[in-house]
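The exercises that follow are meant to be worked with the sequence and the structure side by side. Try each task before reading its solution.

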Amino acid sequence: MGRVFHPSGTPPISPSTATAESPFRSTIGQRFLPDSVCTNPLTPLDLVLSLLPRSRNQNFHFRDEVLGMAMETTAQDFGSFASVFYDSVEICAAHRNVDLSHLLGHVIAHELGHLLLGADSHSCRGVMRASWSGRELIAVNQGILSFSASEEQRLQAVLTFRTQVALTGR
Ligand SMILES: [Zn+2]
């Protein structure tokens with residue numbers, strides 16, 4: 001079946017590697033103010049996805065075919081940080097003749113799926129499959145690689161729970 005591409009790696013990363021943006025941004029005036037998005041604590045409804053170049057990927061000594069990763073979570077924490085390696089996605093799209101925007105979108109969906117579905121969220125088929133080969137990449141090109149019905153139910157339940165916690169604090 002040829003090379004197999006892994007939409008996600010599993011090594012945990014520190015938040016500092018997941019947020020590459022500056023904590024300050026320019027205002028219309030000449031002074032800098034803290035960006036409230038960066039200084040306010042994350043809520044259960046905040047998901048931070050970093051689009052990183054391949055060089056960051058290589059710093060983690062990942063194989064070239066790893067296209068993204070998500071921070072592992074514990075039972076007490078909500079997953080909030082994920083990264084996608086744009087250069088690796090671009091290379092994969094070119095080598096496998098897959099539409100770049102479709103592949104990028106599916107990799108992002110896979111990593112956000114990890115954040116919302118939690119530990120052990122890989123499945124044997126669909127967008128949450130750990131490794132994408134020919135069949136999955138054809139579906140990616142058609143824009144139809146999706147979550148399973150069971151995953152969709154879990155995603156809805158998680159989002160409902162996260163919303164409740166964000167609103168009530170418990
Ligand atoms: Zn994965």
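## Exercise 1: The overall layout

Task: Count the helices and strands of the protein and state the pattern that they follow along the sequence.

Solution: In this predicted model, the protein has 7 helices and 5 strands. Reading along the sequence then gives the pattern α-β-β-α-β-α-β-β-α-α-α-α. As a next step, consider burial and contacts: of the 170 residues in the protein, 25% are buried, and among contacts between residues at least 6 apart in sequence, 67% join residues at least 24 apart.

## Exercise 2: The sheet and the helices across it

Task: Work out the strand order of the open sheet that is formed by 3 strands, and find which helices lie across β5.

Solution: Begin with the order, which is β3-β5-β4 with mixed pairing. The edge strands are β3 and β4, since each of them pairs on one side only. Neighbouring strands of this sheet are turned against each other by 15° on average, with direction ignored. Next, take the pair β3 and β5, whose strands run parallel and are joined by 5 bridges; within this region, L52 has F85 of β5 as its bridge partner. Finally, place the helices: α4 lies across β3 and β5 and runs at about 45° to β5, whereas α5 lies across β3, β4 and β5 and runs at about 160° to β5.

## Exercise 3: Helix α5

Task: Compare the end-to-end distance of α5 with the span expected for its residues, and then identify what covers its buried residues.

Solution: The 18 residues of α5 should span 26 Å at 1.5 Å a residue, and the end C-alpha atoms of α5 are 25 Å apart, which agrees. The buried residues of α5 include L103, L104, V107, H110 and E111, as well as L115, L116 and L117. Their cover includes the strands β3 (48–52), β4 (68–70) and β5 (81–85), together with the helices α4 (86–95), α6 and α7 (149–168). Just after α5, G118 takes a positive phi of about 85°.

## Exercise 4: Helix α6 and the loop before it

Task: Decide how the buried residues of α6 are arranged around its axis, and whether R125 is buried or exposed.

Solution: In α6, the buried residues are E136, L137 and V140. They cover an arc of only 95° around the axis, so they lie on the same side of α6. These buried residues pack against α5, while the face turned away from the buried side of α6 carries the exposed residues G134, R135 and Q142. Just after α6, G143 has a positive phi of about 75°. Turning to R125, this residue is found in the loop between α5 (100–117) and α6 (134–142), and it counts as exposed because it has 12 C-beta neighbours inside 10 Å. R125 and L145, which are 20 residues apart in sequence, are 9.0 Å apart in space from C-alpha to C-alpha.

## Exercise 5: The nonpolar cores

Task: Find which residues have the most contacts inside the largest nonpolar core, and which helix gives the most to this core.

Solution: The largest nonpolar core has 18 residues, and those with the most contacts inside it are L67, V84, F85, V89, L103 and V107. At least two residues of this core come from each of β5, α4, α5 and α6, and α4 gives the most, with 4 residues. Apart from this core lies another one, of 8 residues, among them M69, A70, F81 and L115. To close, follow V89: leaving aside its neighbours within four places in sequence, V89 is in contact with L67, V84, L103, L104 and V107.

Notes
Residues are numbered from 1 along each chain as its sequence is written. This is a predicted model: local features need pLDDT of at least 70, side-chain atom pairs count only at pLDDT 80 or more; totals for chains, interfaces and linings use all residues. A residue is buried if 20 or more other C-beta atoms lie within 10 Å of its own, exposed if 12 or fewer, and partly exposed in between; C-beta atoms are placed from the backbone. Two residues are in contact if their C-beta atoms, placed from the backbone, lie within 7 Å. The expected span of a helix is 1.5 Å times one less than its number of residues. The arc is that of the directions from the helix axis to the C-beta atoms. Two strands pair if DSSP finds at least two bridges between them. Axes are lines fitted to C-alpha atoms, for helices over the stretch in contact, and angles run from 0 to 180 degrees between N-to-C directions. A nonpolar core is a set of buried Ala, Val, Leu, Ile, Met, Phe, Trp, Tyr and Cys residues joined through C-beta atoms within 7 Å.
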